[in-house]
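Thanks for sharing this one. Below are my notes, set out as numbered points that you can check against the coordinates as you read.

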Amino acid sequence: MLYSLAIKNILASKSRTLTIFLLSMFTTAFFIVYVAYTDGSHEQMIKSSVEIYTGYAHINTKGYQEESDYDHLIEDAKQVETFLKQKPFVSNFSPRFETYVLLSQKEKTVGSMLSGIIPSRESSLSRLKSALIKGSYLEDNDTRAIYLGSDLAKRLSVDVGDEIAMIGSSLDYSTAADLFVVKGIFRTGLFDFDLSSAFVNKDYLDSIMMSENKASYFVLDFDDNQAADSYTKILSKSLPSSYEALSWQALLSALVQLMQVDSLFGYISISVFFIVIFFVIMIFSYVNIYSRVRQIGLLRALGLTSKDIRILLFNELLIITLVSVSLGAVIGAAATYYLEVYPITISGLADTYKEYGIVSDTIPTHFDAFTIAWNTFSIFILNLSSIFYPIYKINKLSVTEAMRYV
Amino acid sequence: MKLINISKTFFPDSPKEVKALVNINLTFEEGEFTTLSGESGSGKTTLLNIIGGLERASSGSIFLDNLELTALSDEQMADFRLRHIGFVFQAYNLISVLTVRENIGFIMKLLRFDEVEIDSRIDELAVILQIEDILDKFPGQISGGQQQRVAVARAVASRPKLILADEPTANLDSKNSERLMHMLRTLNEKEHVTVIFASHDRYVLDQSRRIIVLEDGAVIEDH
Ligand SMILES: Nc1ncnc2c1ncn2[C@@H]1O[C@H](COP(=O)(O)OP(=O)(O)OP(=O)(O)O)[C@@H](O)[C@H]1O
Ligand SMILES: [Mg+2]
């Protein structure tokens with residue numbers, strides 16, 4: 001009886017019902033899409049960082065992450081090579097030697113990260129080769145050829161074929177200097193990376209820096225990169241004790257944390273919006289319930305307890321919220337799913353937002369059933385809890401007060 | 001039903017203090033048809049509300065058979081009202097989202113009467129109260145006189161021990177008042193339901209078998 005009365009009241013209070021219904025439905029759908037978009041962009045930023053250059057895992061000496069200097073280099077690169085060759089789940093790997101140098105052309109001088117790489121092996125581990133926009137990629141027997149980031153080339157005002165000078169420090173801390181010819185220019189879209197990175201053939205760089213058989217670290221690919229975390233744990237156990245294997249989660253921990261902080265701020269700012277919705281629903285419930293005070297007084301005079309009234313009013317909102325939030329969840333989930341399959345593409349987006357690590361013109365969304373479920377559930381609970389105060393207020397009136405209420 | 005030393009004071013110990021009822025002692029027998037009368041402000045409504053448990057007495061007690069009503073908790077009193085008391089108020093008696101039929105059957109439904117029994121009872125009362133034609137209408141679609149008759153039907157439908165009616169005729173014209181009282185009297189005689197009114201309306205007084213007159217919260221006449 002209380003249920004059918006609740007449904008009749010819902011249908012009778014049209015403006016209340018419609019307002020709460022639409023509000024809950026749209027907030028639910030909006031929240032789901034918003035979170036999917038945030039998660040999607042974070043995922044894409046991390047994925048780009050990993051795939052463009054960082055890689056899914058590294059092997060380096062312990063202490064290298066804290067101090068990436070010449071004192072923490074891999075001293076015997078061949079030993080690590082042999083070790084890695086014996087691991088069937090390591091599908092590709094390559095050593096890198098990274099050092100900070102000054103590059104200059106005429107009166108322009110720019111600090112840069114210069115990496116010695118093995119060009120052929122690198123091409124399957126990073127996107128360096130496919131990021132080429134001018135000239136050509138490095139080859140394994142190249143000597144004085146340099147591969148420059150597009151923004152770095154711009155700062156140096158050089159083009160393919162131009163000569164640039166390099167001054168750095170070799171392993172014995174004597175000055176190392178050489179001239180390089182720009183062989184190719186790349187562009188990954190990662191702003192910092194394109195602005196500060198340059199690559200040369202490792203063999204040749206080793207001869208200048210006196211770093212033969214040394215490496216800053218090895219970058220690796222696994223047969224299943226989703227399992228990078230557990231593979232690196234396996235590797236760490238069997239590596240000589242001075243080495244460690246780190247997965248991308250550990251390598252990019254700063255970035256991962258940044259994303260978490262960003263998500264948190266996202267939730268905080270969106271929760272302000274939800275609190276507003278909460279109060280709007282509460283006010284509508286309040287006004288609606290007060291417009292029915294006499295009826296409620298009558299029901300209590302007839303013999304309904306204040307608990308019955310609580311159940312009746314709660315059920316009214318429960319039914320509206322259940323239907324609208326479910327509908328909102330379906331709409332939100334469908335929109336999210338659609339956007340994941342057919343992402344919105346805005347040309348020029350990557351250019352505008354490259355500082356934020358966005359390297360694609362598409363707006364990424366991430367469909368995740370669990371996230372959608374808890375988003376929906378939170379809104380459901382939040383909206384439902386807005387009824388408690390109005391119920392509390394109305395039940396504080398005595399039966400006769402309620403019946404006399406005007 | 002026995003009322004022993006019932007008093008009611010509003011805003012006790014404050015400058016606004018009102019002694020609405022002072023030491024009321026009364027006994028009501030089963031099947032009575034009684035009116036509480038008196039001038040405006042004499043305490044009729046207050047007494048009726050206390051009997052029905054809508055308000056609590058400041059002191060004194062009410063016994064029904066051996067049950068002390070004044071000792072019941074709010075929840076217990078609500079349940080007691082639901083099972084044993086039918087109310088007819090001056091106005092706003094009906095639940096606006098329910099049809100006349102649903103309004104009459106409302107309490108029976110809450111008490112989980114059998115559907116068939118509910119329907120036959122509604123039809124039976126509809127004939128006595130002459131509301132057969134409006135059973136499927138909503139309260140907003142019928143006249144004041146019809147609304148009061150529907151309220152009476154709802155009050156008696158579940159065969160409560162006691163009907164309390166506060167100025168049931170106050171918003172009705174003389175013809176409708178007479179009709180309502182006649183029907184209530186018929187129900188009282190047919191079903192032996194106890195009816196207590198609070199009213200100073202001539203039509204109510206004319207039909208009553210016992211009249212209790214209140215003045216300043218005290219009984220000054222009982223015949
Ligand atoms: N809720 C209340 N708060 C304060 N005083 C009240 C309250 N209800 C009634 N009173 C006072 O108690 C006294 C009795 O009121 P009551 O309503 O019982 O009179 P009544 O006989 O029913 O009058 P009427 O014929 O006008 O309906 C009056 O003085 C009234 O002002
Ligand atoms: Mg009165």
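1. Let me begin inside chain A, with Arg16(A), which is found in helix H2 (residues 14-54) of that chain. Please keep in mind throughout that this is a predicted model. Is Arg16(A) buried or exposed? Its relative accessibility is 3%, so Arg16(A) counts as buried, the cut-off being under 20%.

2. What surrounds Arg16(A) once its neighbours within four places in sequence are left aside? The residues in contact with Arg16(A) are then Asn9(A), Ile10(A), Phe284(A), Asn288(A), Arg292(A), Glu316(A) and Ile320(A). One of these, Asn288(A), also makes a polar contact with Arg16(A), side chain to side chain, at 3.4 Å.

3. Further along helix H2 of chain A there is a salt bridge worth a look. The side chains of Lys47(A) and Glu51(A) meet there, with an N to O distance of 3.2 Å. Both residues lie in helix H2, 4 residues apart, which is about one turn of the helix. Lys47(A) has a relative accessibility of 47% and therefore counts as partly exposed, a class that runs up to 50%.

4. Now for chain A as a whole. It has 16 helices and 12 strands. Its radius of gyration is 31 Å, whereas a compact globule of 406 residues would have one near 22 Å. Along the principal axes, the C-alpha trace of chain A spans about 100 × 45 × 35 Å. Buried residues make up 53% of the 406. Of the contacts in chain A with a separation of 6 or more, 77% come from residues 24 or more positions apart.

5. Chain B gives another picture. It has 7 helices and 10 strands. A compact globule of 223 residues would have a radius of gyration near 17 Å, and chain B, at 17 Å, agrees with that. Its C-alpha atoms fill a box of roughly 50 × 35 × 35 Å along the principal axes. Of the 223 residues in chain B, 53% count as buried. Among contacts in chain B between residues at least 6 apart in sequence, 69% join residues at least 24 apart.

6. On to the interface. Here 20 residues of chain A are in contact with 23 residues of chain B. The two chains bury about 1900 Å² between them, and 68% of that is on carbon and sulfur atoms. How many residue pairs are in polar contact across the interface of chain A and chain B? The rule finds 5, with both residues at pLDDT 80 or more. On the side of chain A that touches chain B, the elements giving two or more residues are helix H1 (2-12), helix H11 (293-302), helix H12 (306-341) and helix H16 (399-404) of chain A. H11(A) provides the largest share of that side, with 7 residues. By type, the residues of this side divide into 10 nonpolar, 6 polar and 4 charged.

7. Between chain A and chain B the count is 1 salt bridge. Lys8(A) forms a salt bridge with Glu102(B), and the closest N and O atoms are 2.7 Å apart. For context, a search of the whole structure finds 28 salt bridges over all chains.

8. Within chain B, I would look at the salt bridge between Asp123(B) and Arg101(B), whose closest N and O atoms are 3.4 Å apart. The pair links distant parts of the chain, 22 residues apart: Asp123(B) is in helix H4 (residues 115-129) of chain B and Arg101(B) in helix H3 (residues 100-110) of chain B. Asp123(B) is partly exposed, with a relative accessible area of 36%. Arg101(B) is also partly exposed, with a relative accessible area of 25%.

9. Helix H4 of chain B holds another salt bridge, between Glu124(B) and Arg121(B). The closest N and O atoms of Glu124(B) and Arg121(B) are 3.4 Å apart. These two residues are 3 residues apart in the helix, about one turn. Which of the two is buried? Arg121(B) counts as buried, because its relative accessibility is 3%, while Glu124(B), at 31%, counts as partly exposed. Salt bridges that share partners join Arg121(B), Glu124(B), Arg159(B) and Glu191(B) into one network.

Methods
Residues numbered from 1 in each chain as written. Chains lettered and ligands numbered in written order. Predicted model: local features only at pLDDT ≥ 70, side-chain atom pairs only at ≥ 80, totals over all residues. Heavy atoms only, no water. Contact = heavy atoms within 4.5 Å. Buried area = accessible area lost by both parts, 1.4 Å probe. Salt bridge = Lys/Arg side-chain N within 4 Å of Asp/Glu carboxyl O. Polar contact = N/O pair within 3.5 Å; in protein donor to acceptor, adjacent residues only side chain to side chain. Nonpolar A, V, L, I, M, F, W, Y, C, P; charged D, E, K, R; others polar. Rg over C-alpha atoms; globule rule 2.2 N^0.38 Å. Buried < 20%, exposed > 50% of the residue type's maximum accessible area, 1.4 Å probe, protein only.
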